[in-house]
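Reader: Hello! I am new to this structure and would love a close look at one part of it. Could you take me to the empty space inside and show me what surrounds it?

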Amino acid sequence: MSIQLIALDLDGTLLDSRKRLPHRNRKAIEACIARGIQVVPCTGRTAEGVPSMIKEISGIRYAITVNGGMIEDMEKKLILDRRLMEKETALSVLEQIKDRHIMYDIYADGQGISEDRFYNHLDEYKVTKEIQILVKKTRRVVPDIIEYVKNKPGMVDKVNLFFSDLDEREEIRTLLKQRTDVIVSSSLYNNLEINAIGAEKGEALLRLASILGLSREETMACGDGDNDFSMIRLAGTGVAMENGEESLKAIADYITGSNDEAGVAQAIEKLVLF
C-alpha cells in the first residue's frame, strides 16, 4: 500500500542543527506534494512556532502541534482535534517543581508564556543558542506564570521544563511519570515536556489519517527524539534519524541519515519516490 501521509518532526529531524531546512529536504517534500501526498509537520512547538520556511511550501496544509495536543488545518485556521490539559493539572505540575532550579513555561491558546526571570536568563538553564532564538520569538512574558494560569479561562496546551542539572531532570522525570494524568516526554537533552493524556504524536497521526480517510498502513513518520516514540511505533512506516535516540532506532522500520545529512530526503527518496 502506498504512503499517502508523511509526518515529520522538526527539530533534529527535518531541520538541521542550525534550524535550517536543507534544500534536499524541501525538494523531497515538494515532490511528495506534487504526487498528492500529505506532508505534515509534527512537533512539540505551537503552530506559531512552525518556521515560515516550512509553512510557505505550497501544499502543506495540516500540522500536528504541541506533541499531538492539537491537529490543525493551517489553511482554514481550524482546530480539527485537541487533547489539552485542565488548568488544575498544569497548576499541580508547576507546584511540584516551582521551588527547584528549573526553568518552566507553558503553551496556552497557541502562545508560549514565560517569565522575565527565565526569559532573560536562558543561559543559566543551558538552553542552546538555537533554542534561545526560538524562545525569544515565540514567548510572551508575564509577571508570574502560575498566577497567569490560575486567572486564565480555558485549558493549557503544554508545560515545558528546562534543566541545568541533568540528574535533577531524571529525578523530576521519574517523579512526574508516577502521575496518571499527564504524559512526560522530551525533545532535547535537557528538557521535559508535559502533556495531557492522549496528546501523543502517534495517536494524533492516526487521528489525522482517519479524518483524511487514510489507513495506518498509508502513513509514514520521521523523528529523532523521545517525544517521537509513539509516532515511529504507530505509523505504517516508522523512520528514525541516525542522530536519534538509540531506543527510537531500535523500534524503527528504517534508519535514515542524520538531520545534517538531509536524512528526511534520503528516507523519502528511498521509501516513497523510488
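**The cavity and its surroundings**

Author: The largest cavity holds about 220 Å³ of space. Please keep in mind that this is a predicted model. The structure has one cavity of 30 Å³ or more. Its lining is made of 21 residues, and Asp11, Arg45, Ser187, Leu188 and Glu193 are the ones closest to the cavity's centre. Helix α6 (129-138), strand β9 (158-163) and strand β11 are the elements that each give two or more residues to this lining. Sorted by class, the residues of the cavity lining are nine charged, six polar and six nonpolar.

Let us follow one of those central residues, Glu193, into its strand. Glu193 belongs to β11 and stands opposite Ser185. Strand β11 covers residues 191-196, runs antiparallel to β10 and is joined to β10 by four bridges. Together β10 and β11 make a hairpin, with five residues between the two strands. In β10 (residues 182-185), Val182 and Val184 point one way while Ile183 and Ser185 point the other way, and all of them are buried. That pattern fits a general rule: in a regular strand, side chains alternate between the two faces of the sheet.

Now for the open spaces. The largest pocket has a volume of about 400 Å³. Of the 24 residues that line the largest pocket, Gly12, Ser187, Leu188, Tyr189 and Asp224 lie nearest its centre. Helices α1 and α6 are the elements that give two or more residues to the lining of this pocket. Its lining has ten polar, nine charged and five nonpolar residues. You may recognise Ser187 and Leu188 here: they are among the residues closest to the centre of the cavity and among those nearest the centre of the largest pocket.

The second largest pocket has a volume of about 280 Å³. It is lined by 15 residues, with Arg45, Pro51, Ile133, Leu134 and Lys137 the closest to its centre. Helices α3 (52-55) and α6 are the elements that give two or more residues to this lining. Helix α6 gives the most, with five residues. The lining of the second largest pocket divides into six charged, six nonpolar and three polar residues. Arg45 is another residue to remember, since it is named here and also among those closest to the cavity's centre.

Finally, a look at the packed parts of the protein. The largest nonpolar core has 36 residues, and Ile194 is one of those with the most contacts inside it, along with Met85, Leu94, Ile106, Ile145, Val159 and Leu161. Apart from this core lies another one, of 30 residues, which includes Ile3, Leu10, Val50 and Val272. As for Ile145, its contacts include Leu94, Tyr104, Ile106 and Phe118, leaving aside residues up to four places away in sequence.

Helix α12 (residues 263-271) shows packing too: Gly263, Val264, Ala265, Ala267 and Ile268 are buried there. The buried residues of α12 pack against several elements, including α1 (10-14), β1 (5-8) and α2 (23-34). Helix α1 should sound familiar, as one of the elements that give two or more residues to the lining of the largest pocket.

Terms used
Residues numbered from 1 in each chain as written. Predicted model: local features only at pLDDT ≥ 70, side-chain atom pairs only at ≥ 80, totals over all residues. Heavy atoms only, no water. Buried < 20%, exposed > 50% of the residue type's maximum accessible area, 1.4 Å probe, protein only. Contact = heavy atoms within 4.5 Å. Pairing = 2+ DSSP bridges. Core = buried A, V, L, I, M, F, W, Y, C linked by side-chain atoms within 4.5 Å. 1 Å grid on protein atoms, 1.4 Å probe; cavity = no way out; pocket = protein on both sides within 12 Å on 5 of 7 lines; lining within 4 Å. Points joined across faces, edges and corners; volume = space filled by probe spheres on them. Nonpolar A, V, L, I, M, F, W, Y, C, P; charged D, E, K, R; others polar.
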